[in-house]
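Student: I have a model open and would like to learn how to read its features one at a time. Where should we start?

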Amino acid sequence: MAFMNVTEVLQFVDQLVFERTGKHLDDVQKAVIEGSYKGQTYHEIAENNHFNKSHVGEIGGELWKFLSTTLGEDIKKTNVRSTFERLQITALPIIIQNNNKQNNNHTFNFSVLNSDQAIQKYQEKDTDTKSQSVYHDLTLAPQIIKFHNRETELQTLSKWILNQNISLISVLGLSGIGKTTLSRKFIDLNLDKFEVIIWKSLKYPQSLNSLITDLLNTYQQKYEETLQANLKQLFDILIQKRCLIILDNIETIFTNGQFAGQYQPEYLDYQKFFKMITEINHQSSVMLISQEKCPEMNCLYQQLNLSQCLELSGLNDINILDNIGLKNQDSWLQLIQIYEGNATYLKDIVILIQDVYDGEVTEFLAENSLIITQNMQSHFHDLFNRLSAIEKQIILELSKLNQPISRDDLKQNLSLSSVEFVKGLQSLQQRYLVTKIKEDKILFKLSPVFRQYVIITGATGSP
Ligand SMILES: Nc1ncnc2c1ncn2[C@@H]1O[C@H](COP(=O)(O)OP(=O)(O)O)[C@@H](O)[C@H]1O
Ligand SMILES: [Mg+2]
(Lines give C-alpha, C1' and ligand atoms only; values in the text may rest on other atoms or scores of the structure.)
(Ligands and ions follow the chains in the order given, each with its own letter.)
Protein backbone atom coordinates (compact mmCIF):
# COMPACT_ATOMS: atom_id res chain seq x y z
CA MET A 1 0.00 0.00 0.00
CA ALA A 2 1.18 3.49 -0.73
CA PHE A 3 1.70 5.35 2.48
CA MET A 4 2.53 9.00 2.63
CA ASN A 5 6.19 9.52 3.17
CA VAL A 6 7.38 12.11 5.60
CA THR A 7 7.86 14.77 2.92
CA GLU A 8 4.30 14.31 1.77
CA VAL A 9 3.01 14.52 5.32
CA LEU A 10 4.98 17.72 5.89
CA GLN A 11 3.60 19.23 2.70
CA PHE A 12 0.12 18.17 3.62
CA VAL A 13 0.23 19.61 7.12
CA ASP A 14 1.88 22.78 5.85
CA GLN A 15 -0.99 23.18 3.42
CA LEU A 16 -3.57 22.75 6.16
CA VAL A 17 -1.84 25.18 8.49
CA PHE A 18 -1.37 27.71 5.72
CA GLU A 19 -5.03 27.57 4.83
CA ARG A 20 -6.19 28.13 8.35
CA THR A 21 -3.58 30.61 9.52
CA GLY A 22 -1.93 32.08 6.42
CA LYS A 23 1.44 30.95 7.78
CA HIS A 24 3.71 28.13 6.82
CA LEU A 25 5.18 25.62 9.24
CA ASP A 26 8.24 26.91 11.05
CA ASP A 27 11.36 24.89 11.72
CA VAL A 28 10.28 23.68 15.15
CA GLN A 29 6.91 22.53 13.85
CA LYS A 30 8.55 20.76 10.94
CA ALA A 31 11.03 19.03 13.23
CA VAL A 32 8.22 17.90 15.54
CA ILE A 33 6.23 16.38 12.69
CA GLU A 34 9.22 14.78 11.07
CA GLY A 35 10.60 13.43 14.34
CA SER A 36 7.26 12.12 15.55
CA TYR A 37 6.68 10.46 12.23
CA LYS A 38 10.00 8.69 12.66
CA GLY A 39 9.06 7.62 16.20
CA GLN A 40 11.47 9.98 18.01
CA THR A 41 10.74 11.32 21.49
CA TYR A 42 10.42 15.06 22.11
CA HIS A 43 13.75 14.79 23.88
CA GLU A 44 15.41 13.34 20.79
CA ILE A 45 13.76 15.88 18.50
CA ALA A 46 14.96 18.72 20.70
CA GLU A 47 18.49 17.32 20.89
CA ASN A 48 18.81 16.57 17.18
CA ASN A 49 17.71 20.05 16.23
CA HIS A 50 19.16 22.03 19.14
CA PHE A 51 15.76 23.22 20.32
CA ASN A 52 14.50 23.67 23.83
CA LYS A 53 12.76 20.47 24.94
CA SER A 54 9.77 22.01 26.68
CA HIS A 55 9.17 24.32 23.69
CA VAL A 56 9.20 21.31 21.40
CA GLY A 57 6.64 19.58 23.61
CA GLU A 58 4.44 22.66 23.66
CA ILE A 59 4.53 23.06 19.89
CA GLY A 60 3.77 19.35 19.53
CA GLY A 61 0.71 19.63 21.76
CA GLU A 62 -0.59 22.54 19.70
CA LEU A 63 -0.01 20.73 16.45
CA TRP A 64 -1.83 17.55 17.46
CA LYS A 65 -4.73 19.63 18.69
CA PHE A 66 -4.86 21.55 15.43
CA LEU A 67 -4.69 18.37 13.34
CA SER A 68 -7.29 16.58 15.46
CA THR A 69 -9.86 19.32 15.02
CA THR A 70 -9.07 19.95 11.36
CA LEU A 71 -9.12 16.31 10.29
CA GLY A 72 -11.73 15.07 12.75
CA GLU A 73 -9.37 12.38 13.98
CA ASP A 74 -7.86 11.94 17.42
CA ILE A 75 -4.24 12.64 16.52
CA LYS A 76 -1.49 12.24 19.08
CA LYS A 77 2.25 12.09 18.85
CA THR A 78 2.12 8.32 19.22
CA ASN A 79 -0.43 7.68 16.49
CA VAL A 80 0.44 10.37 13.97
CA ARG A 81 2.14 7.97 11.63
CA SER A 82 -0.46 5.23 11.79
CA THR A 83 -3.22 7.79 11.34
CA PHE A 84 -1.64 9.28 8.23
CA GLU A 85 -1.01 5.84 6.84
CA ARG A 86 -4.63 5.00 7.35
CA LEU A 87 -5.86 8.28 5.91
CA GLN A 88 -3.80 7.80 2.79
CA ILE A 89 -5.59 4.63 1.82
CA THR A 90 -9.12 5.39 2.80
CA ALA A 91 -10.98 8.31 1.33
CA LEU A 92 -10.70 11.33 3.54
CA PRO A 93 -13.37 13.88 4.23
CA ILE A 94 -13.19 16.57 1.64
CA ILE A 95 -10.54 19.08 2.29
CA ILE A 96 -9.78 21.95 0.06
CA GLN A 97 -10.86 23.61 -3.04
CA ASN A 98 -9.62 25.06 -6.24
CA ASN A 99 -6.19 25.46 -7.39
CA ASN A 100 -5.32 29.10 -7.84
CA LYS A 101 -3.22 29.15 -10.94
CA GLN A 102 -2.68 32.88 -10.96
CA ASN A 103 -1.20 32.79 -7.53
CA ASN A 104 2.53 32.79 -7.76
CA ASN A 105 3.13 32.26 -4.07
CA HIS A 106 3.80 28.95 -2.53
CA THR A 107 0.61 26.99 -3.00
CA PHE A 108 0.15 23.39 -2.24
CA ASN A 109 -3.16 21.68 -2.62
CA PHE A 110 -4.02 18.33 -1.30
CA SER A 111 -7.48 17.11 -1.95
CA VAL A 112 -9.26 13.86 -1.55
CA LEU A 113 -12.55 13.96 -3.33
CA ASN A 114 -14.96 11.33 -2.25
CA SER A 115 -16.62 10.59 -5.58
CA ASP A 116 -17.29 7.24 -7.26
CA GLN A 117 -13.63 6.91 -7.78
CA ALA A 118 -12.04 8.31 -4.68
CA ILE A 119 -9.58 10.74 -6.12
CA GLN A 120 -6.45 12.05 -4.67
CA LYS A 121 -4.55 14.96 -5.89
CA TYR A 122 -1.96 17.11 -4.55
CA GLN A 123 0.06 19.81 -6.09
CA GLU A 124 2.87 21.96 -5.12
CA LYS A 125 4.29 25.01 -6.69
CA ASP A 126 7.23 26.50 -5.00
CA THR A 127 8.83 29.68 -6.19
CA ASP A 128 11.83 29.05 -3.99
CA THR A 129 13.99 27.14 -6.40
CA LYS A 130 16.30 25.94 -3.68
CA SER A 131 13.70 23.91 -1.88
CA GLN A 132 12.79 20.64 -3.52
CA SER A 133 9.54 20.96 -5.37
CA VAL A 134 7.44 17.90 -5.94
CA TYR A 135 4.40 17.88 -8.13
CA HIS A 136 2.09 14.91 -8.36
CA ASP A 137 -1.24 15.01 -10.14
CA LEU A 138 -3.06 11.71 -10.01
CA THR A 139 -6.50 13.25 -10.24
CA LEU A 140 -7.48 11.10 -13.18
CA ALA A 141 -5.81 7.91 -12.03
CA PRO A 142 -8.36 5.43 -10.74
CA GLN A 143 -7.72 4.44 -7.15
CA ILE A 144 -6.83 0.89 -6.35
CA ILE A 145 -9.30 -1.03 -4.29
CA LYS A 146 -7.83 -4.50 -4.56
CA PHE A 147 -4.48 -5.55 -5.86
CA HIS A 148 -3.12 -9.04 -6.22
CA ASN A 149 -0.23 -10.65 -7.93
CA ARG A 150 1.56 -8.87 -10.80
CA GLU A 151 4.85 -9.06 -8.92
CA THR A 152 6.81 -9.89 -12.04
CA GLU A 153 5.19 -7.09 -13.99
CA LEU A 154 5.94 -4.59 -11.22
CA GLN A 155 9.54 -5.73 -11.19
CA THR A 156 9.77 -5.36 -14.95
CA LEU A 157 8.41 -1.83 -14.81
CA SER A 158 10.83 -0.95 -12.01
CA LYS A 159 13.74 -2.30 -13.98
CA TRP A 160 12.83 -0.37 -17.11
CA ILE A 161 11.76 2.89 -15.52
CA LEU A 162 13.86 3.16 -12.39
CA ASN A 163 17.05 1.30 -13.31
CA GLN A 164 17.35 1.61 -17.06
CA ASN A 165 15.60 4.94 -17.36
CA ILE A 166 13.70 3.91 -20.50
CA SER A 167 11.92 6.86 -22.08
CA LEU A 168 8.81 5.26 -23.53
CA ILE A 169 7.05 2.37 -21.84
CA SER A 170 3.83 0.87 -23.14
CA VAL A 171 1.49 -1.22 -21.01
CA LEU A 172 -0.70 -3.19 -23.39
CA GLY A 173 -3.45 -5.76 -23.32
CA LEU A 174 -7.17 -6.43 -23.65
CA SER A 175 -9.59 -4.13 -21.93
CA GLY A 176 -10.21 -5.17 -18.33
CA ILE A 177 -7.03 -7.18 -18.02
CA GLY A 178 -5.55 -4.79 -15.44
CA LYS A 179 -3.36 -2.25 -17.28
CA THR A 180 -4.59 0.85 -15.49
CA THR A 181 -4.49 -0.85 -12.10
CA LEU A 182 -0.96 -2.14 -12.59
CA SER A 183 0.31 1.26 -13.73
CA ARG A 184 -1.34 3.01 -10.81
CA LYS A 185 0.16 0.46 -8.44
CA PHE A 186 3.60 1.09 -9.85
CA ILE A 187 3.18 4.80 -9.22
CA ASP A 188 1.89 4.32 -5.69
CA LEU A 189 4.95 2.26 -4.90
CA ASN A 190 7.32 4.79 -6.40
CA LEU A 191 5.87 8.20 -5.66
CA ASP A 192 9.10 9.39 -4.15
CA LYS A 193 11.17 8.53 -7.22
CA PHE A 194 9.77 11.31 -9.37
CA GLU A 195 9.68 15.07 -9.06
CA VAL A 196 6.71 15.31 -11.36
CA ILE A 197 4.01 12.71 -11.91
CA ILE A 198 1.04 13.53 -14.11
CA TRP A 199 -1.66 11.08 -15.14
CA LYS A 200 -3.87 11.92 -18.12
CA SER A 201 -6.54 9.85 -19.77
CA LEU A 202 -7.45 10.05 -23.42
CA LYS A 203 -10.79 8.36 -22.82
CA TYR A 204 -12.20 11.47 -24.43
CA PRO A 205 -9.46 12.05 -26.98
CA GLN A 206 -8.02 15.48 -27.53
CA SER A 207 -5.52 17.00 -29.93
CA LEU A 208 -1.87 16.74 -28.98
CA ASN A 209 -1.65 20.50 -28.53
CA SER A 210 -4.56 20.50 -26.16
CA LEU A 211 -3.05 17.60 -24.20
CA ILE A 212 0.29 19.36 -23.94
CA THR A 213 -1.20 22.68 -22.89
CA ASP A 214 -3.19 20.71 -20.37
CA LEU A 215 -0.02 19.12 -19.05
CA LEU A 216 1.73 22.48 -18.85
CA ASN A 217 -1.32 24.01 -17.30
CA THR A 218 -1.63 21.42 -14.55
CA TYR A 219 2.03 21.88 -13.93
CA GLN A 220 1.27 25.60 -13.67
CA GLN A 221 3.34 26.66 -16.61
CA LYS A 222 2.18 29.26 -19.03
CA TYR A 223 1.53 27.85 -22.44
CA GLU A 224 2.16 29.29 -25.86
CA GLU A 225 0.17 29.53 -29.04
CA THR A 226 1.93 26.95 -31.12
CA LEU A 227 2.36 23.24 -30.61
CA GLN A 228 6.03 23.69 -31.39
CA ALA A 229 6.58 26.13 -28.54
CA ASN A 230 4.56 24.03 -26.12
CA LEU A 231 6.50 20.90 -27.00
CA LYS A 232 9.70 22.79 -26.37
CA GLN A 233 8.45 23.79 -22.93
CA LEU A 234 7.34 20.27 -22.10
CA PHE A 235 10.65 18.77 -23.14
CA ASP A 236 12.47 21.40 -21.07
CA ILE A 237 10.66 20.02 -18.05
CA LEU A 238 11.33 16.41 -19.04
CA ILE A 239 15.01 17.31 -19.32
CA GLN A 240 15.29 19.29 -16.09
CA LYS A 241 13.20 17.11 -13.82
CA ARG A 242 12.64 13.44 -13.35
CA CYS A 243 9.06 13.15 -14.53
CA LEU A 244 6.67 10.31 -15.09
CA ILE A 245 3.84 11.12 -17.46
CA ILE A 246 1.14 8.50 -17.88
CA LEU A 247 -1.23 8.61 -20.81
CA ASP A 248 -4.05 6.11 -20.43
CA ASN A 249 -6.56 4.89 -23.05
CA ILE A 250 -4.35 5.66 -26.00
CA GLU A 251 -6.47 3.36 -28.22
CA THR A 252 -9.01 6.16 -28.62
CA ILE A 253 -6.70 8.01 -31.01
CA PHE A 254 -6.61 5.04 -33.41
CA THR A 255 -9.05 4.49 -36.24
CA ASN A 256 -12.06 2.18 -36.18
CA GLY A 257 -12.49 -0.24 -39.03
CA GLN A 258 -8.83 -0.36 -39.96
CA PHE A 259 -5.89 -2.43 -38.78
CA ALA A 260 -4.84 -1.89 -35.18
CA GLY A 261 -2.79 1.12 -34.17
CA GLN A 262 -3.55 3.38 -37.16
CA TYR A 263 -3.73 6.97 -36.00
CA GLN A 264 -6.83 8.95 -36.87
CA PRO A 265 -5.77 11.81 -39.14
CA GLU A 266 -6.41 14.46 -36.48
CA TYR A 267 -4.18 12.64 -34.02
CA LEU A 268 -1.19 12.04 -36.26
CA ASP A 269 0.79 14.49 -34.15
CA TYR A 270 0.87 11.88 -31.41
CA GLN A 271 2.95 9.62 -33.61
CA LYS A 272 5.63 12.31 -33.92
CA PHE A 273 5.38 13.05 -30.22
CA PHE A 274 5.95 9.40 -29.25
CA LYS A 275 8.97 9.31 -31.54
CA MET A 276 10.34 12.51 -30.04
CA ILE A 277 10.11 10.99 -26.58
CA THR A 278 12.58 8.32 -27.60
CA GLU A 279 14.75 10.58 -29.75
CA ILE A 280 15.33 13.50 -27.41
CA ASN A 281 17.69 13.01 -24.54
CA HIS A 282 15.94 13.60 -21.21
CA GLN A 283 15.66 12.03 -17.78
CA SER A 284 11.94 11.26 -17.72
CA SER A 285 9.61 8.44 -18.69
CA VAL A 286 6.31 8.45 -20.53
CA MET A 287 3.99 5.50 -20.00
CA LEU A 288 1.39 4.71 -22.64
CA ILE A 289 -1.52 2.47 -21.68
CA SER A 290 -3.41 1.00 -24.60
CA GLN A 291 -5.59 -1.86 -25.82
CA GLU A 292 -4.05 -1.58 -29.24
CA LYS A 293 -0.41 -1.62 -30.12
CA CYS A 294 0.92 0.83 -32.68
CA PRO A 295 4.35 0.72 -34.31
CA GLU A 296 5.80 3.30 -31.91
CA MET A 297 5.03 0.94 -29.02
CA ASN A 298 7.10 -1.84 -30.47
CA CYS A 299 10.40 -2.47 -28.85
CA LEU A 300 12.79 -2.89 -31.69
CA TYR A 301 16.00 -4.62 -30.90
CA GLN A 302 18.23 -1.64 -31.66
CA GLN A 303 16.06 0.68 -29.60
CA LEU A 304 15.74 -1.53 -26.57
CA ASN A 305 17.04 1.09 -24.24
CA LEU A 306 14.64 3.73 -25.52
CA SER A 307 11.31 1.96 -25.68
CA GLN A 308 9.81 -1.14 -24.09
CA CYS A 309 6.39 -2.71 -24.00
CA LEU A 310 4.74 -4.87 -21.38
CA GLU A 311 1.94 -7.04 -22.72
CA LEU A 312 -0.39 -8.17 -19.96
CA SER A 313 -2.09 -11.51 -19.81
CA GLY A 314 -4.76 -12.57 -17.35
CA LEU A 315 -4.36 -13.08 -13.63
CA ASN A 316 -4.25 -16.72 -12.60
CA ASP A 317 -4.64 -16.10 -8.93
CA ILE A 318 -7.58 -17.26 -6.83
CA ASN A 319 -7.02 -14.34 -4.48
CA ILE A 320 -8.78 -12.08 -6.93
CA LEU A 321 -11.99 -13.91 -5.96
CA ASP A 322 -11.33 -13.56 -2.26
CA ASN A 323 -13.82 -12.02 0.17
CA ILE A 324 -16.68 -11.65 -2.24
CA GLY A 325 -18.84 -14.42 -0.90
CA LEU A 326 -18.15 -17.13 -3.47
CA LYS A 327 -18.24 -20.75 -2.36
CA ASN A 328 -16.32 -23.84 -3.54
CA GLN A 329 -12.83 -22.41 -3.47
CA ASP A 330 -11.46 -25.54 -5.17
CA SER A 331 -13.22 -24.50 -8.35
CA TRP A 332 -12.15 -20.89 -8.41
CA LEU A 333 -9.07 -21.42 -10.50
CA GLN A 334 -11.11 -23.22 -13.13
CA LEU A 335 -13.55 -20.31 -13.22
CA ILE A 336 -10.69 -17.84 -13.55
CA GLN A 337 -9.15 -19.80 -16.40
CA ILE A 338 -12.42 -20.00 -18.29
CA TYR A 339 -12.68 -16.23 -18.13
CA GLU A 340 -9.03 -15.83 -19.09
CA GLY A 341 -8.02 -14.25 -15.80
CA ASN A 342 -9.73 -11.04 -16.90
CA ALA A 343 -10.77 -9.32 -13.68
CA THR A 344 -13.48 -7.36 -15.42
CA TYR A 345 -15.18 -10.40 -16.97
CA LEU A 346 -14.85 -12.16 -13.63
CA LYS A 347 -16.51 -9.32 -11.75
CA ASP A 348 -19.55 -9.70 -13.96
CA ILE A 349 -19.65 -13.45 -13.66
CA VAL A 350 -19.26 -13.35 -9.91
CA ILE A 351 -22.38 -11.21 -9.66
CA LEU A 352 -24.24 -13.68 -11.84
CA ILE A 353 -23.04 -16.63 -9.76
CA GLN A 354 -24.15 -14.88 -6.62
CA ASP A 355 -27.55 -13.92 -7.98
CA VAL A 356 -28.48 -17.16 -9.68
CA TYR A 357 -26.35 -19.85 -8.03
CA ASP A 358 -26.15 -18.29 -4.58
CA GLY A 359 -22.36 -18.23 -4.88
CA GLU A 360 -22.01 -21.96 -5.69
CA VAL A 361 -19.26 -21.97 -8.28
CA THR A 362 -19.45 -25.72 -8.90
CA GLU A 363 -23.10 -25.43 -9.82
CA PHE A 364 -22.32 -22.69 -12.28
CA LEU A 365 -19.48 -24.72 -13.81
CA ALA A 366 -21.71 -27.80 -14.01
CA GLU A 367 -23.82 -25.98 -16.58
CA ASN A 368 -20.85 -26.30 -18.86
CA SER A 369 -21.62 -23.23 -20.88
CA LEU A 370 -19.53 -20.15 -21.29
CA ILE A 371 -21.88 -17.35 -20.38
CA ILE A 372 -21.40 -13.90 -21.85
CA THR A 373 -23.02 -11.24 -19.69
CA GLN A 374 -24.79 -8.20 -21.05
CA ASN A 375 -21.85 -6.04 -20.08
CA MET A 376 -19.38 -8.24 -21.89
CA GLN A 377 -21.65 -8.37 -24.89
CA SER A 378 -21.82 -4.63 -25.28
CA HIS A 379 -18.10 -4.32 -24.71
CA PHE A 380 -17.35 -6.98 -27.35
CA HIS A 381 -19.75 -5.29 -29.68
CA ASP A 382 -17.63 -2.14 -29.57
CA LEU A 383 -14.48 -4.18 -29.91
CA PHE A 384 -15.84 -6.06 -32.93
CA ASN A 385 -16.76 -2.78 -34.55
CA ARG A 386 -13.20 -1.57 -34.25
CA LEU A 387 -12.00 -4.41 -36.48
CA SER A 388 -11.20 -4.05 -40.16
CA ALA A 389 -13.17 -6.15 -42.66
CA ILE A 390 -10.18 -8.44 -43.12
CA GLU A 391 -9.83 -9.05 -39.40
CA LYS A 392 -13.53 -9.81 -39.14
CA GLN A 393 -13.15 -12.51 -41.77
CA ILE A 394 -10.26 -14.08 -39.91
CA ILE A 395 -12.13 -13.91 -36.60
CA LEU A 396 -15.20 -15.55 -38.09
CA GLU A 397 -13.08 -18.37 -39.43
CA LEU A 398 -11.27 -18.80 -36.11
CA SER A 399 -14.56 -18.84 -34.23
CA LYS A 400 -15.54 -22.04 -36.07
CA LEU A 401 -12.65 -23.90 -34.48
CA ASN A 402 -12.40 -24.82 -30.85
CA GLN A 403 -8.68 -25.33 -30.93
CA PRO A 404 -5.64 -23.39 -32.10
CA ILE A 405 -4.77 -23.58 -35.78
CA SER A 406 -1.60 -23.17 -37.83
CA ARG A 407 -1.14 -20.18 -40.08
CA ASP A 408 -1.24 -22.27 -43.26
CA ASP A 409 -4.38 -24.13 -42.29
CA LEU A 410 -6.10 -20.91 -41.35
CA LYS A 411 -5.09 -19.23 -44.56
CA GLN A 412 -6.40 -22.09 -46.67
CA ASN A 413 -9.88 -21.61 -45.31
CA LEU A 414 -9.96 -17.93 -46.22
CA SER A 415 -10.19 -16.11 -49.50
CA LEU A 416 -7.71 -13.40 -48.65
CA SER A 417 -4.51 -12.39 -50.44
CA SER A 418 -1.30 -13.29 -48.64
CA VAL A 419 -0.66 -9.67 -47.75
CA GLU A 420 -4.17 -9.13 -46.40
CA PHE A 421 -4.00 -12.33 -44.41
CA VAL A 422 -0.64 -11.59 -42.85
CA LYS A 423 -1.55 -8.03 -41.96
CA GLY A 424 -4.90 -9.09 -40.56
CA LEU A 425 -3.35 -11.77 -38.41
CA GLN A 426 -0.74 -9.35 -37.11
CA SER A 427 -3.35 -6.73 -36.35
CA LEU A 428 -5.49 -9.17 -34.35
CA GLN A 429 -2.46 -9.94 -32.24
CA GLN A 430 -1.87 -6.24 -31.73
CA ARG A 431 -5.37 -6.10 -30.27
CA TYR A 432 -4.68 -9.11 -28.05
CA LEU A 433 -7.69 -10.96 -29.45
CA VAL A 434 -5.54 -13.60 -31.11
CA THR A 435 -2.50 -15.10 -29.44
CA LYS A 436 0.34 -17.03 -30.90
CA ILE A 437 1.14 -20.32 -29.20
CA LYS A 438 4.54 -21.86 -29.65
CA GLU A 439 4.42 -25.63 -29.33
CA ASP A 440 5.79 -28.19 -31.81
CA LYS A 441 4.59 -25.77 -34.38
CA ILE A 442 3.24 -22.29 -34.23
CA LEU A 443 -0.48 -22.04 -33.72
CA PHE A 444 -2.95 -19.17 -33.46
CA LYS A 445 -5.75 -19.02 -30.96
CA LEU A 446 -8.76 -16.74 -30.66
CA SER A 447 -9.69 -15.53 -27.18
CA PRO A 448 -12.28 -18.14 -26.04
CA VAL A 449 -14.55 -15.59 -24.42
CA PHE A 450 -14.54 -13.40 -27.52
CA ARG A 451 -15.10 -16.50 -29.63
CA GLN A 452 -18.19 -17.30 -27.61
CA TYR A 453 -19.46 -13.81 -28.23
CA VAL A 454 -18.97 -14.21 -31.97
CA ILE A 455 -20.78 -17.55 -31.88
CA ILE A 456 -23.80 -16.34 -29.91
CA THR A 457 -24.21 -13.26 -32.05
CA GLY A 458 -24.52 -15.50 -35.10
CA ALA A 459 -21.07 -14.73 -36.43
CA THR A 460 -22.07 -11.22 -37.36
CA GLY A 461 -20.75 -9.51 -34.30
CA SER A 462 -24.04 -7.76 -33.64
CA PRO A 463 -26.51 -8.94 -31.04
N1 LIG B 1 -3.88 -7.02 -9.92
C2 LIG B 1 -5.19 -6.91 -9.67
N3 LIG B 1 -5.73 -7.38 -8.53
C4 LIG B 1 -7.04 -7.27 -8.29
N5 LIG B 1 -7.92 -6.67 -9.11
C6 LIG B 1 -7.45 -6.19 -10.26
C7 LIG B 1 -6.07 -6.27 -10.60
N8 LIG B 1 -5.89 -5.70 -11.81
C9 LIG B 1 -7.09 -5.27 -12.19
N10 LIG B 1 -8.02 -5.55 -11.29
C11 LIG B 1 -9.45 -5.19 -11.38
O12 LIG B 1 -9.88 -5.43 -12.70
C13 LIG B 1 -10.63 -4.36 -13.22
C14 LIG B 1 -10.05 -3.88 -14.53
O15 LIG B 1 -8.75 -3.41 -14.33
P16 LIG B 1 -8.18 -2.19 -15.16
O17 LIG B 1 -6.84 -1.91 -14.61
O18 LIG B 1 -9.16 -1.08 -15.20
O19 LIG B 1 -8.06 -2.84 -16.60
P20 LIG B 1 -7.64 -2.16 -17.97
O21 LIG B 1 -7.02 -0.85 -17.67
O22 LIG B 1 -6.68 -3.12 -18.59
O23 LIG B 1 -8.90 -2.05 -18.77
C24 LIG B 1 -10.61 -3.28 -12.16
O25 LIG B 1 -11.86 -3.25 -11.57
C26 LIG B 1 -9.59 -3.71 -11.16
O27 LIG B 1 -10.01 -3.43 -9.87
MG1 LIG C 1 -7.70 1.01 -18.25
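Student: Is Asn368 buried or exposed?

Tutor: First, keep in mind that this is a predicted model. The general idea is to count C-beta atoms around the residue: 12 or fewer others within 10 Å means exposed, and 20 or more means buried. Asn368 has 6 other C-beta atoms within 10 Å, so it is exposed. Its place is in the loop between α13 (361-366) and α14 (374-386).

Student: What is the phi of Asn368 near?

Tutor: It is near 60 degrees, a positive value in a residue other than glycine. Asn249 is another such case, also with phi near 60 degrees. Asn249 is found in the loop between β6 and α10 (268-279).

Student: How does Asn249 count on the burial scale?

Tutor: A count between the two cut-offs is called partly exposed. Asn249 has 19 C-beta neighbours inside 10 Å, so it counts as partly exposed.

Student: Now a buried case, please. Why is Ser285 classed as buried or exposed?

Tutor: The same counting applies. Ser285 is buried because 23 other C-beta atoms lie within 10 Å. This serine lies in strand β7, residues 285-290.

Student: Which residues is Ser285 in contact with, leaving aside its neighbours within four places in sequence?

Tutor: Setting sequence neighbours aside shows what the fold brings together. For Ser285 the contacts are Ile161, Ile166, Ser167, Ile169 and Leu244. A separate reading is distance in space against distance in sequence: Ser285 and Ser307 are 22 residues apart in sequence, and their C-alpha atoms are 9.7 Å apart.

Student: How many residues of β7 are buried?

Tutor: Six of the six are buried, so β7 is largely enclosed by the rest of the structure.

Student: Which way do the side chains of β7 point?

Tutor: In a regular strand the side chains alternate between the two faces of the sheet. In β7, Ser285, Met287 and Ile289 point one way, while Val286, Leu288 and Ser290 point the other way. Both sets are buried.

Student: Which strands pair with β7, and in which sense?

Tutor: To read pairing, look for the bridges between two strands and the sense in which they run. Strand β4 (residues 168-172) pairs with β7 in the parallel sense over five bridges. One of the bridge partnerships there is Leu172 with Ser290. Strand β6 (residues 243-248) also pairs with β7 in the parallel sense, over four bridges. Here Leu247 has Leu288 as its bridge partner.

Student: What is the order of strands in the sheet that holds β9, β10 and β11?

Tutor: Sheet order lists strands by who sits beside whom. These three strands form an open sheet in the order β9-β11-β10, with antiparallel pairing. The edge strands are β9 and β10, each pairing on one side only.

Student: How many bridges join the strands of that sheet?

Tutor: Two bridges join β9 (residues 405-406) to β11 (residues 442-446), and Ser406 stands opposite Leu443. Between β10 (residues 434-438) and β11 there are five bridges, and Lys436 has Phe444 as its partner. β10 and β11 form a hairpin, with three residues between them.

Student: Which helix lies across β10 and β11?

Tutor: Helix α17, residues 418-430, does so, and it runs at about 100 degrees to β10.

Student: What does Arg407 touch, not counting residues up to four places away in sequence?

Tutor: Arg407 touches Ile442 and Phe444. It is found in helix α16, residues 407-412. The C-alpha atoms of Arg407 and Phe444 are separated by 6.9 Å, although the two are 37 residues apart along the chain. With 15 C-beta neighbours inside 10 Å, Arg407 counts as partly exposed.

Student: How many residues surround ligand 1, and which are the closest?

Tutor: For a ligand, list its shell, then ask where the residues come from. Here 18 residues surround ligand 1, and the closest are Gly178, Lys179, Thr180, Thr181 and Ala343. Six residues of the shell are nonpolar, nine polar and three charged.

Student: Where do the residues of that shell come from?

Tutor: Helices α7 (179-189) and α12 (343-357) each supply at least two of them, and the largest share, three residues, comes from α7. By domain, at least three residues come from each of domain 2 (135-311) and domain 3 (318-371).

Methods: Residues are numbered from 1 along each chain as its sequence is written. Chains are lettered from A and ligands numbered from 1 in the order in which they are written. This is a predicted model: local features need pLDDT of at least 70, side-chain atom pairs count only at pLDDT 80 or more; totals for chains, interfaces and linings use all residues. A residue is near a molecule or strand if its C-beta atom, placed from the backbone, lies within 6 Å of it. Ala, Val, Leu, Ile, Met, Phe, Trp, Tyr, Cys and Pro count as nonpolar, Asp, Glu, Lys and Arg as charged, and the others, Gly among them, as polar. Domain bounds come from an automatic or database domain assignment. Two residues are in contact if their C-beta atoms, placed from the backbone, lie within 7 Å. Two strands pair if DSSP finds at least two bridges between them. Axes are lines fitted to C-alpha atoms, for helices over the stretch in contact, and angles run from 0 to 180 degrees between N-to-C directions.
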